[in-house]
Amino acid sequence: MQSENRFFDDLSKFINGAAGTLAGMGREAESAARERAREWMGGLDFVSRDEFEAVKAMAAAARDEADALKERVAALEAAVGEKTAPAPAPAAKKARKSATS
């Protein structure tokens, strides 16, 4: 015959309630940590993989175009028969004038 012991029944209910409360606190802490990490990462100006790949493709295309233009300029200079040296930039002239003064 089984006797009813109210103490153990109450103790098991208390432990089950405490376990549920701790599990809920753990889920809440994890959720808060994820939200805080999202806020921190959002403020760092990271780019998505798609944006990175698009800019990478644009840079590769620009590099190819620049190489083609360099070859075209070299061919035109060879056809003209003279090679011109690039003129110094205006900012470089001002810097040299102020350095010598």
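1. First, the term that the opening points lean on: a salt bridge here is a side-chain nitrogen of Lys or Arg within 4 Å of a carboxyl oxygen of Asp or Glu. By that rule the count is five salt bridges.

2. A quick word on what we're looking at: this is a predicted model, where local features need pLDDT of at least 70, side-chain atom pairs count only at pLDDT 80 or more, and totals for chains, interfaces and linings use all residues. Residues are numbered from 1 along each chain as its sequence is written, and side-chain values use heavy atoms, with hydrogens and water left out.

3. Start with D9 and R6, whose side chains form a salt bridge at 3.8 Å, N to O. They sit three residues apart in helix α1 (residues 6–42), so about one helical turn separates them. Helices, for the record, are DSSP runs of H or I with at least four residues (strands are E, at least two), numbered from the N terminus.

4. D9 also makes a salt bridge with K13, at 3.9 Å, N to O. D9 and K13 are four residues apart in α1, again about one helical turn. The background is simple: an α-helix has 3.6 residues a turn, so residues three or four places apart point the same way.

5. How accessible are these side chains' residues? On the scale used, buried means under 20% relative accessible area, exposed over 50%, and partly exposed in between (1.4 Å probe, protein chains only). D9 is partly exposed at 31%, whereas R6 is exposed at 59% and K13 is exposed at 53%.

6. Further along α1, R38 pairs with E35 in a salt bridge, with the closest N and O atoms 4.0 Å apart. R38 and E35 lie three residues apart in that helix, about one turn. R38 counts as exposed at 56% relative accessibility, while E35 is partly exposed at 39%. Back at the other pairs, shared partners join R6, D9 and K13 into one salt-bridge network.

7. Now helix α2 (residues 49–80): does the span add up, or what should we expect? The expected span is 1.5 Å times one less than the number of residues. For the 32 residues of α2 that gives 46 Å, and the end C-alpha atoms are 46 Å apart, which agrees.

8. Last, the residue after α2: G81 follows the helix, and its phi is positive, near 95°.
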